[in-house]
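User: Could you take a close look at one part of this model for me, the contacts made by aromatic rings? I would also be glad of a walk through the neighbouring features.

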Amino acid sequence: MLVSLILPIILIIIMFSLGLGLGLADFRRVAAQPRAFGLGAANQMILVPIVGFGVATLFGLPPELAAGTMILALCPGGVMSNVAAKMAGGSVPLSVSLTAVVSLISILTLPVLTALSVNHFMGADAPTIDITKLGVTMFLLTAVPVGLGMAVTALAPKLTATAAPWMQRVTVVLFAVLILAALAANWGTFVANIGIVGPALVTMTAVLLVLGVVTAKAAGLSHTDVTTVAIESGIQNGTLGIAVGGIVAGIATGLPALTLPTAIYGVTAWLLVIPFIMWRRSKS
């Protein structure tokens, strides 16, 4: 019930809220900011998975947790990265554009790379993954609600302007509930592995935030865009990560161990992101 019904509904609501307030003008900014967008997309799609793979390997995570960490690293940014970019004084249009475009591209890349990662870390114990089915499911859970949100924005801009702030608050609450549910469903595994998974995920977030700043500064981006690229590099879509982990494990009730790294990350990431936000705001 949780994985087969409640989790997809939560993800659809969150992705709909991403599309709400998003217009074609946001995508046109991709052409207007090619360096910032190109670097942010490259970091999300190449740098983050490499760092995730390195962390999972170097920390010697158990097979399921290593695979779960890779699923997280393969996810694009999400609504929470947009919220963090706004709080840090970054470019919200750039953040939203990155999240939207990379989310669409991930419909094709994430299923394939997830299958490779799960097979690599879990070997003979890896569940069978139907790549096409996973891709179609991701399309229905991400692209469709984002498109619906954009349609509502185009048809009822005044309603969108009123509803968008409330939807953003709702998504934050839903995300928090989802993280708590994932931790509660895997409490035994959480207690047994927090000593190694926690430091691994903190390390991953720290490395990605630092690399985000370093690569953006090396590209000569503005302070605002440096902040945005770093946040988009360091924050992944936890809701999608939990959804994909549940789908891959094929469990309809409860939340499997594959979702545990994402659930823990939902807590540990903010231990670093909040100080990062404060630091970037102080530099504005």
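**Rings, charges and their surroundings**

Analyst: Happy to. Let's begin with a charge over a ring: arginine 169 lies over the face of tryptophan 166, at 4.9 Å from the ring centre. A second arrangement of this kind involves arginine 280, which sits over the face of tryptophan 279, with 4.8 Å to the ring centre. Please keep in mind that this is a predicted model.

Next come rings that meet other rings. The structure holds three aromatic pairs. One of them joins phenylalanine 53 and phenylalanine 121 in a tilted arrangement, 5.6 Å centre to centre and with 50° between the planes. This pair links distant parts of the chain, as phenylalanine 53 belongs to helix H3 (residues 34-58) and phenylalanine 121 to helix H6, 68 residues apart. How covered is each partner? Phenylalanine 121 is buried, because its relative accessible area of 16% is under the 20% limit. Phenylalanine 53 has 36% relative accessibility and so counts as partly exposed, a class that runs between 20% and 50%.

Helix H6 (92-122) also leads us to a loop, the one between helix H5 (79-87) and H6, where glycine 89 is found. Glycine 89 is partly exposed, as its relative accessible area is 32%. Its C-alpha atom is separated by 17 Å from that of phenylalanine 37, and the two residues are 52 apart along the chain.

Now for helix H7 (residues 131-155), which contains valine 136. Lysine 133 and threonine 142 are in H7 too. These three residues make a handy set for looking at exposure. Lysine 133 is exposed, because its relative accessible area of 58% is over the 50% limit. Valine 136, at 46%, is partly exposed. Threonine 142 is buried, with a relative accessible area of 5%.

Valine 136 is also part of a nonpolar patch on the surface, together with Phe139, Leu140, Val144 and Leu148. The accessible area of the patch adds up to about 430 Å².

Two of these H7 residues can be placed against other points of the chain. Threonine 142 and leucine 18 are 124 residues apart along the chain, and their C-alpha atoms are separated by 9.6 Å. For lysine 133 and proline 111, the separation is 22 residues in sequence and 8.8 Å in space, C-alpha to C-alpha.

Another proline to look at is proline 63, placed in helix H4 (residues 63-74). With 46% relative accessibility, proline 63 counts as partly exposed. Between the C-alpha atoms of proline 63 and glycine 19 there are 35 Å, and along the chain the two are 44 residues apart.

Finally, here is a helix to view along its axis. Helix H9 (residues 187-218) has a kink of about 75°, centred on asparagine 193. Just after H9 comes glycine 220, which takes a positive phi of about 75°.

If you want a route through the viewer, start with arginine 169 over tryptophan 166, then go to the tilted pair of phenylalanine 53 and phenylalanine 121. After that, turn to the surface patch that includes Val136 and Leu148, and end at the kink in H9.

Notes:
Residues numbered from 1 in each chain as written. Predicted model: local features only at pLDDT ≥ 70, side-chain atom pairs only at ≥ 80, totals over all residues. Heavy atoms only, no water. Helix = DSSP H or I, 4+ residues; strand = E, 2+ residues; numbered from the N terminus. Buried < 20%, exposed > 50% of the residue type's maximum accessible area, 1.4 Å probe, protein only. Patch = residues over 30% accessible without salt bridge, like charges linked within 9 Å, V, L, I, M, F, W, Y side chains within 5 Å. Areas by Shrake-Rupley, 256 points an atom, 1.4 Å probe, with all protein chains shown as cover. Salt bridge = Lys/Arg side-chain N within 4 Å of Asp/Glu carboxyl O. Phe/Tyr/Trp six-rings, centres within 6.5 Å; stacked < 30°, edge-to-face > 60°. Lys NZ or Arg CZ within 6 Å of the ring centre and 35° of its normal. Bend = angle between axes of the 7 residues up to and from the residue.
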